[in-house]
Amino acid sequence: MPDHIKLILFHAFIGFLLSLAFVGGLLYLNIANLWHLVTHTAEGPVALIMLVVFCTITFGSAQIGFRIMMMAEENDDDEPKGGKRDAIPVLDAIAIPIPVKADDRRA
């Protein structure tokens with residue numbers, strides 16, 4: 001299996017573990033009475049599975065993105081950063097008079 005696929009799968013699994021810990025914390029602390037809703041309704045297990053799946057997508061994506069962004073090389077600081085520092089041409093709107101009609105009505 002290619003190295004980049006191993007990297008993505010490994011960090012997606014870490015995101016899965018993080019999501020399990022997060023959902024476990026939500027249930028343990030009974031946030032928004034979630035423990036009662038999951039254990040005392042017929043749709044509770046489906047809601048729990050959906051919560052774990054969507055949290056896995058969120059935390060897995062964040063973990064993969066974090067790892068990919070941390071792969072920068074140490075010698076990236078040697079190159080100049082930013083673009084050209086050319087002046088941006090701006091139209092001078094103050095020099096152009098704009099005629100405005102005004103009525104002399106005052107209330």
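Visitor: What percentage of the 107 residues of the protein count as buried?

Guide: Happy to start there, and please keep in mind that this is a predicted model. A residue counts as buried when its relative accessible area is under 20%. Of the 107 residues of the protein, the share that meets this mark is 12%.

Visitor: Which pattern does the protein follow along the sequence?

Guide: The protein has three helices and zero strands. Read along the sequence, that gives the pattern α-α-α.

Visitor: Of the contacts with a separation of 6 or more, what percentage comes from residues 24 or more positions apart?

Guide: One example of a link across the sequence is F16, which touches V52 and T56. For the protein, among contacts with a separation of 6 or more, residues 24 or more positions apart account for 71%.

Visitor: Which elements give two or more residues to the largest nonpolar core?

Guide: Let's begin with the members: the largest nonpolar core has five residues, namely V23, L27, V38, V52 and C55. In soluble globular proteins, nonpolar side chains tend to be buried together. In this core, the elements that give two or more residues are α1 and α3.

Visitor: Leaving aside neighbours within four places in sequence, which residues is V52 in contact with?

Guide: V52 is a good one to click on, as it belongs to the largest nonpolar core. Another member of that core, V23, is also among its contacts. With neighbours within four places in sequence left aside, the full list for V52 is F16, S19, L20 and V23.

Visitor: How far apart are the C-alpha atoms of F16 and Q63?

Guide: F16 lies in helix α1. Along the chain, F16 and Q63 are 47 residues apart. In space, their C-alpha atoms are separated by 9.5 Å.

Visitor: How are the rings of F13 and F16 arranged: stacked, edge-to-face or tilted?

Guide: By the rule used here there are two aromatic pairs. F13 and F16 form an aromatic pair with 6.2 Å centre to centre and 35° between the planes. Planes under 30 degrees apart count as stacked and those over 60 as edge-to-face, so this pair falls under the remaining label. The arrangement of F13 and F16 is tilted.

Visitor: About how many helical turns separate F13 and F16?

Guide: Both residues are in helix α1, which covers residues 3-28. F13 is partly exposed at 46% relative accessibility, and F16 is partly exposed at 30%. Because F13 and F16 are three residues apart in this helix, their separation is about one helical turn.

Visitor: What is the accessible area, taken together, of the nonpolar patch with I49?

Guide: I49 is placed in helix α3, residues 44-69. With a relative accessible area of 56%, I49 is exposed. The patch on the surface is formed by V46, I49, M50, V53, F54 and I57, and its area together is about 580 Å².

Visitor: What share of the area that the protein exposes do carbon and sulfur atoms supply?

Guide: The protein exposes about 9,600 Å². Of that area, carbon and sulfur atoms supply 67%.

Visitor: Where is A32, and what is its phi?

Guide: A32 lies in the loop between α1 and α2, and A32 is exposed, with a relative accessible area of 67%. Most residues other than glycine have a negative phi. A32 has a positive value, near 55°.

Visitor: What is the phi of N33?

Guide: N33 is also found in the loop between α1 and α2. N33 is partly exposed, with a relative accessible area of 38%. Although N33 is not a glycine, its phi is positive, at about 60°.

Conventions. Residues numbered from 1 in each chain as written. Predicted model: local features only at pLDDT ≥ 70, side-chain atom pairs only at ≥ 80, totals over all residues. Heavy atoms only, no water. Patch = residues over 30% accessible without salt bridge, like charges linked within 9 Å, V, L, I, M, F, W, Y side chains within 5 Å. Areas by Shrake-Rupley, 256 points an atom, 1.4 Å probe, with all protein chains shown as cover. Salt bridge = Lys/Arg side-chain N within 4 Å of Asp/Glu carboxyl O. Helix = DSSP H or I, 4+ residues; strand = E, 2+ residues; numbered from the N terminus. Buried < 20%, exposed > 50% of the residue type's maximum accessible area, 1.4 Å probe, protein only. Contact = heavy atoms within 4.5 Å. Phe/Tyr/Trp six-rings, centres within 6.5 Å; stacked < 30°, edge-to-face > 60°. Core = buried A, V, L, I, M, F, W, Y, C linked by side-chain atoms within 4.5 Å.
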